[in-house]
Amino acid sequence: MKKTQDKKKHSKLKILGIVLLCLFILMIVGWGAFSISIYNENFNQRFESYEPLMFRVEDFEGLNLTEYEFTSDKGQKLAGYWYSAGENQHGIIVLAHGFGGGGHNSYMDVANFFAQHGYYVFTYDATGNDKSEGEGVGGVPQGQIDLDYAVSFVEESGDFPKLPIGLFGHSWGGYSVCSVLTFHPEVKAVIECSGCNSSADLFEGGGKKQAGDVIYTMMPFVRLHELIHYGKYAANSALDGFEASDAAIMVVHSEDDNVVSIEYGLEKYYEKYKDDPRFVFKRLKDKGHNHIYNDMSYINAFNAEFDKWLTTLNYDYNAAENKERFINDKSDYIHTHLDRNEWANTLNEEMFNEFLAFYDKHIS
């Protein structure tokens with residue numbers, strides 16, 4: 001009788017163990033699915049430039065543009081842009097744009113600066129941005145992939161002169177221009193602003209501000225998701241790119257960056273390469289993220305006038321029922337009041353002259 005009771009007890013414990021194990025697995029799978037859904041909500045979106053603030057080629061005197069189309073990894077067509085302003089250019093800068101604001105357009109002033117100072121500039125709209133195909137970006141490693149294909153297009157299409165290549169990238173583009181060196185060690189020089197070491201850093205850094213330490217329980221699923229979808233690109237980091245290349249590297253980051261924390265970029269690189277002469281580190285203060293290399297005088301003045309205009313509206317512009325009305329009114333205000341000459345000339349001239357000297361030294 002006792003043996004029968006023991007068997008029943010053992011059987012019940014075994015069933016309970018199986019149930020608890022199944023529940024645990026379901027919890028893990030559910031948390032993983034939730035983590036990936038949050039990742040996709042943030043990164044697998046389509047992004048368009050905000051039309052009222054878009055640059056135009058005519059905003060920049062002497063700037064010429066030729067548009068191209070090239071193919072990226074899944075056959076999607078990407079819009080490419082070749083900028084020039086003069087003859088006898090001595091190098092090509094391939095520019096990788098940031099994340100979330102649409103394609104390359106908001107970096108046209110950067111392209112213009114280098115085009116006016118001795119370089120051709122090739123840039124593009126990444127997958128899921130502006131004129132390029134793609135229902136969404138997909139994920140962070142796609143930036144590295146599209147840049148890989150862009151550099152190869154410049155080198156192999158036969159449409160461009162055979163000149164040494166440098167890279168320039170901001171934010172998402174900063175991560176991309178460093179990590180892509182693994183696949184393009186021939187690049188001579190790289191300037192990266194406000195970037196990070198690995199693709200997962202963007203999710204971790206942003207998520208830590210929203211969810212605290214909970215984000216660390218999501219990261220294994222995010223890394224696995226990226227690895228499954230992007231393979232070698234997801235596994236590749238900026239530090240890997242530095243090891244694979246002899247390119248000269250300039251890293252620019254602000255201590256108060258609240259989008260990509262400096263710990264994910266400059267501080268990580270400085271720890272390893274502070275004594276390496278091919279690296280230049282520019283640690284800034286109070287420059288933030290989006291405008292790290294801008295002179296903020298006109299931008300701040302325009303924003304102050306815009307804030308005053310907001311107080312004159314005779315309706316609640318935050319109310320859902322007024323959303324479309326406010327979108328139209330805001331667009332009209334910007335079209336009417338934006339000084340396009342000032343808007344096209346907000347780059348920090350001193351900083352960009354440093355950038356230019358860096359390229360001139362290492363690209364020949």
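**View 1. Val251 and Phe281 face each other across neighbouring strands.** Val251 stands opposite Phe281, a residue of β8. This is a predicted model, so please read each view that way. Strand β7 covers residues 248-254 and runs parallel to β8, with six bridges joining the two.

**View 2. Eight strands line up in an open sheet.** Follow the strands across and you will meet them in the order β1-β2-β4-β3-β5-β6-β7-β8, with mixed pairing. At the edges are β1 (64-71) and β8 (279-284), each of which pairs on one side only. From one strand to the next, the twist averages 15°.

**View 3. Helices α2 and α13 meet the strands.** Helix α2 packs on the sheet, where it touches β2 (77-84), β3, β4 (120-124) and β5 (165-170). The direction of α2 makes about 40° with that of β2. Helix α13, made of residues 349-362, lies across β3, β5, β6 (189-193), β7 and β8. Relative to β6, α13 runs at about 155°.

**View 4. Phe99 and Trp172 form an aromatic pair.** The structure holds 44 aromatic pairs, and here is one of them. The ring centres of Phe99 and Trp172 are 5.2 Å apart and the planes stand at 90°; because planes over 60 degrees apart count as edge-to-face, that is the name this pair gets. The two partners come from distant parts of the chain, 73 residues apart. Phe99 sits in the loop between β3 (92-96) and α2 (108-115), while Trp172 belongs to helix α4 (residues 172-179). Is each ring buried or exposed? Phe99 is partly exposed, at 25% relative accessible area, whereas Trp172 counts as buried, at 2%.

**View 5. Aromatic rings join into a cluster.** Ring pairs link Phe113, Phe114, Tyr119, Phe168, Tyr293, Phe352, Phe355, Phe358 and Tyr359. If you would like to find your way around, Phe113 and Phe114 fall within α2 (108-115), and Phe168 within β5 (165-170). Phe352, Phe355 and Phe358 fall within α13 (residues 349-362), as does Tyr359.

**View 6. Glu204 is a buried residue with a polar partner.** Look for Glu204 in helix α5, which spans residues 199-211. Its relative accessible area is 9%, so Glu204 counts as buried, the cut-off being under 20%. The side chain of Glu204 makes a polar contact of 3.0 Å with the side chain of Tyr264. Leaving aside residues up to four places away in sequence, Glu204 touches Ile215, Tyr216, Met219 and Arg223 as well as Tyr264.

Terms used
Residues are numbered from 1 along each chain as its sequence is written. This is a predicted model: local features need pLDDT of at least 70, side-chain atom pairs count only at pLDDT 80 or more; totals for chains, interfaces and linings use all residues. Side-chain values use heavy atoms; hydrogens and water are left out. Rings of Phe, Tyr and Trp (its six-membered ring) pair if their centres lie within 6.5 Å; planes under 30 degrees apart count as stacked, over 60 as edge-to-face and the rest as tilted. Helices (H or I, at least four residues) and strands (E, at least two) are DSSP runs, numbered from the N terminus. Buried means under 20% relative accessible area, exposed over 50%, partly exposed in between (1.4 Å probe, protein chains only). A polar contact is a pair of N or O atoms within 3.5 Å; within protein, one must be able to donate a hydrogen and the other to accept it, and residues adjacent in sequence count only if both atoms are side-chain atoms. Contact means heavy atoms within 4.5 Å. Two strands pair if DSSP finds at least two bridges between them. Axes are lines fitted to C-alpha atoms, for helices over the stretch in contact, and angles run from 0 to 180 degrees between N-to-C directions.
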